[in-house]
Amino acid sequence: MSPKKLHIKTFGCQMNAYDSERMAEALESQGYALTHDAAEADLVILNTCHIREKAVEKVYSELGRVRLAKEDRKSRGLDTLIAVAGCVAQAEGSEIMARAPAVDIVVGPQSYHRLAHLVEEAAATGKGLVATEFPAEEKFAHLPDRPKGKSRASAFVTVQEGCDKFCTFCVVPYTRGAEFSRAPAEIIAEVERLATMGVREITLLGQNVNAYHGPHPDESSWPLARLLRSLAEIPAIERLRYTTSHPLDMDEELIALFGNEPKLMPYLHLPFQAGSDRILAAMNRKHTAAQYEALIGKVRQARPDIALSTDIIVGFPGETDADFEETLALAARVRFAQAFSFKYSPRPGTPAASLEGQVPEAAKRERLYALQSLLDGDRHAFDRATVGRSLEVLFEGRGRKPGQIAGRSPYLQAVHVEGPDELIGQIADVDILAASPNSLTGVIKSGFEWRGPVQAAV
Ligand code: 5AD
Ligand code: SF4
């Protein structure tokens, strides 16, 4: 019998991408094979995101398409299960089935370990199932080990989930629940396994990753810096990164690590959201613009060349032109190497959604445009400043043009060079020759000798 086919469509953040991979692995061990074609899938999973924009509406319109595919398959005598996972599943729960009866399973991010079981049950009973409880420990304890044989240079590992910060614009504390950290031993074992599979770079993920406090049997708990130092001891792991952080949780040890742990890459994503203290207070960020800037100063002292990245929201309720000018001014002073900026979007159930003074769409659009022009300029300036330098590039795959390979610099810039496929999965020195809007191009440094595949001694 040919294996059953599984199609997963992922929306949103890297945490969702990681979760999709783990769901695929769990179902692969149950005999499912992945397909890119939703129409031939016996099981379709939409892994949804709730953070911005009309995410919920997008899911329903996608469900409309999937329902048609399900009906078409039915007319050919084939059954299809539809599952909705992710943060929209968590937020909407059984409401999804009321609005989209073609859906068989609604599963929140904390219940993925039950997915294979839910699929079996839904297939056997034909009943709609909703799993949206919140025990995060269980989820991590039950997700399968990653299968051997899949090789990649860079991998994500979720170490922390959920958030207790309750920024007034944000759904995460409601959809992902309270903050939870995985045990260090479990993470170290996962990273060691990845290292034996050829992974050289690990990005630790969490909605509030620097609030990490992993339960440890000997000590009270491990902060993120302690976990990073431990992972740096694994020889085959050459690069470490983490994302995404809150300014309040950037402790001294974590900052110092940028200066004294060579495996920690010089890149920090640290959202500031707004430059006006009044708006920051209304957002419940619990810091001022000056405190953010002072923190950036400390980080730069530890690692002067660090690439800084951020998230910014324009048009939060009550934001005036003068408040927005402060956002522009703060961005201009810091000069980010990378930035993500968004129009404020009211999320149902969050405190900011019912605030007075919602900003008209046109003003949001204008502010976003002005901000992005500034941010684009700074990003290009950062990229141009690396032209003429020699950077270590971890090659992750082929480039767009034949003969090209592509990878990332320590600053997370995409780099393209002419080079042999054998370099994929390896780090090489590259002389950077040019910066185009989305990537750098360069040549492998003369005299660079490929040492052959690194033995994955861990
Ligand atoms: N509207 C606009 N942007 C938002 N973000 C989170 N919630 C909202 C919202 N309601 C942005 C923040 C956060 C990033 C992941 O998404 O900038 O840091
Ligand atoms: Fe949302 Fe991040 Fe604020 Fe937590 S810290 S509530 S995830 S924006």
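I will go through two parts of this structure, the surroundings of ligand 1 and a barrel of five strands. Please keep in mind that this is a predicted model.

I start with the ligand. Which residues surround ligand 1? Going along the sequence, they are Ile51, Arg52, Phe169, Gln273, Asp311, Ile313, Phe342, Lys343, Tyr344, Ser345 and Arg347. By class, five residues of this shell are nonpolar, two are polar and four are charged. As for secondary structure, at least two residues of the shell come from strand E15, which covers 307-314, and at least two from strand E16, which covers 338-343.

Now the polar atoms. Asp311 has a polar side-chain atom 2.6 Å from an oxygen atom of ligand 1. For Gln273, an N or O atom of the side chain is 2.7 Å from an oxygen atom of the ligand. Ser345 takes part through its backbone: one of its backbone N or O atoms is 2.8 Å from a nitrogen atom of ligand 1. How much of the ligand surface does the protein bury? Ligand 1 exposes 400 Å² when taken alone, and 88% of that is buried by the protein.

That leaves the barrel. It is closed by five strands, in the order E17-E18-E19-E21-E20, and the pairing is mixed. Ignoring direction, neighbouring strands in this sheet are turned against each other by 50 degrees on average.

I will take E19 as the example, since the lines of pairing can be followed on either side of it. On one side is E18. Strand E18, residues 404-408, runs antiparallel to strand E19, residues 414-418, and five bridges join them. Within that pair, Ile405 is placed opposite Val417 of E19, and Gly407 is placed opposite Val415 of E19. The hairpin of E18 and E19 has five residues between the strands, and one of the residues in this hairpin, Leu412, has a positive phi near 70 degrees.

The other pairing is with E21. Here the sense is parallel: E19 and E21, residues 440-444, are paired over three bridges. His416 has Thr441 in E21 as its bridge partner.

Why is E19 described as largely enclosed by the rest of the structure? Because four of its five residues are buried, where buried means under 20% relative accessible area.

To recap, ligand 1 has polar atoms of Gln273, Asp311 and Ser345 at the distances I gave. In the barrel, E19 pairs antiparallel with E18 and parallel with E21.

How values were computed
Residues are numbered from 1 along each chain as its sequence is written. Chains are lettered from A and ligands numbered from 1 in the order in which they are written. This is a predicted model: local features need pLDDT of at least 70, side-chain atom pairs count only at pLDDT 80 or more; totals for chains, interfaces and linings use all residues. Side-chain values use heavy atoms; hydrogens and water are left out. A residue is near a molecule or strand if one of its heavy atoms lies within 4 Å of it. A polar contact is a pair of N or O atoms within 3.5 Å; within protein, one must be able to donate a hydrogen and the other to accept it, and residues adjacent in sequence count only if both atoms are side-chain atoms. Accessible areas come from the Shrake-Rupley method with a 1.4 Å probe; for residues, only the protein chains shown count as cover. Ala, Val, Leu, Ile, Met, Phe, Trp, Tyr, Cys and Pro count as nonpolar, Asp, Glu, Lys and Arg as charged, and the others, Gly among them, as polar. Two strands pair if DSSP finds at least two bridges between them. Axes are lines fitted to C-alpha atoms, for helices over the stretch in contact, and angles run from 0 to 180 degrees between N-to-C directions. Buried means under 20% relative accessible area, exposed over 50%, partly exposed in between (1.4 Å probe, protein chains only).
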